[in-house]
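The exercises below are meant to be worked through with the coordinates open. Each one sets a task and then follows it with a solution in steps.

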Amino acid sequence: MGCGYKYFNGGPGAPAFLYVAKRHQKNIKQPLSGWMGHRKPFTFAPEYQASEGVVKYLCGTPPILSMSVLDAALDIFDGVDVKQLREKSLALAELLITLLEQNDLVAELVLFSPRKGGNRGSQLAFQHPQAYSICQALMEGGGH
């Protein structure tokens, strides 16, 4: 699962997404039930019956305006080779890691993600002994 806001440039309110391999769809239960995931959503039956396949994971009404913004954001990726995208993500992550390693002011900031690019996704996680306090200070200051 992922966030259309972060990963697809969909902006605030962009819908999330989910991928479930077909071989697992039958065995995984959806904890949230909603009319869009109902086997027959327009019968308005009192008992919930989940749809088959990945459709059962739908649990609410799609936000139409947010979906249209996300649709436009995804147009940017038309024709982009996923290998090029991956190479770019690795290069940007490597640049950030290198710059942080060269800066003594952030010496206590420790890379929590695997150092080797091939062992991680496109997002980096860091740890710090005062992470909670830093986050609180950032929130109080508006994150600037």
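**Exercise 1. Is Glu 101 buried, partly exposed or exposed, and what is its relative accessibility?**

Solution. Begin with the conventions: this is a predicted model, in which local features need pLDDT of at least 70 and side-chain atom pairs count only at pLDDT 80 or more, while totals for chains, interfaces and linings use all residues. Residues are numbered from 1 along each chain as its sequence is written, and side-chain values use heavy atoms, with hydrogens and water left out.

Next, apply the classes: buried means under 20% relative accessible area, exposed over 50%, and partly exposed in between, with a 1.4 Å probe and protein chains only. Glu 101 has a relative accessibility of 54%, so it counts as exposed.

**Exercise 2. Which residues are joined with Glu 101 into one network by salt bridges that share partners?**

Solution. A salt bridge is a side-chain nitrogen of Lys or Arg within 4 Å of a carboxyl oxygen of Asp or Glu. Glu 101 forms such a bridge with Arg 115, the closest N and O atoms being 3.4 Å apart. This pair links distant parts of the chain, since Glu 101 is in helix 4 and Arg 115 is in the loop between strand 3 and strand 4, 14 residues apart. Glu 94, Glu 101 and Arg 115 are thus joined into one network by salt bridges that share partners.

The remaining bridge of this network is between the side chains of Glu 94 and Arg 115, at 2.9 Å from N to O. Here too distant parts of the chain are linked, with Glu 94 in helix 4 (residues 82-101) and Arg 115 in the loop between strand 3 (110-111) and strand 4 (126-127), 21 residues apart. As for accessibility, Glu 94 counts as partly exposed at 31%, and Arg 115 counts as partly exposed at 36%.

**Exercise 3. How many salt bridges does a search of the whole structure find? Describe the one that involves Arg 39.**

Solution. The search finds 3 salt bridges. In one of them the side chains of Glu 52 and Arg 39 meet, at 2.9 Å from N to O. Both residues lie in the loop between helix 2 (22-25) and helix 3 (64-75), so the pair ties together parts that are 13 residues apart in sequence. Glu 52 counts as exposed, at 59% relative accessibility, whereas Arg 39 is partly exposed, with a relative accessible area of 41%.

**Exercise 4. What is the order of the elements of the protein chain from the N terminus on, and why is the chain described as more spread out than a compact globule?**

Solution. Helices (H or I, at least four residues) and strands (E, at least two) are DSSP runs, numbered from the N terminus. By this assignment the protein chain has 5 helices and 4 strands, and from the N terminus on the elements run β-α-β-α-α-α-β-β-α. The radius of gyration is 20 Å, well over the 15 Å that the globule rule gives for 144 residues, so the chain is more spread out than a compact globule. That radius is taken over C-alpha atoms, and the globule rule is 2.2 Å times the number of residues to the power 0.38.

Two further values complete the picture. Along its principal axes the C-alpha trace spans about 65 × 40 × 30 Å, and buried residues make up 17% of the 144 residues.

**Exercise 5. Where is Gly 4 placed, and which residues does it touch, not counting those up to four places away in sequence?**

Solution. Gly 4 is placed in helix 1 (residues 4-7), and it is buried, with a relative accessible area of 0%. Taking contact as heavy atoms within 4.5 Å, and leaving out residues up to four places away in sequence, Gly 4 touches Asn 9, Gly 10, Ala 14, Pro 15, Ala 16, Phe 17 and Leu 70.

**Exercise 6. What is the approximate phi of Phe 44, and in which loop is this residue found?**

Solution. Phi of Phe 44 is near 55 degrees, a positive value in a residue other than glycine. For reference, most residues other than glycine have a negative phi. Phe 44 is found in the loop between helix 2 and helix 3, and with a relative accessible area of 67% it is exposed.
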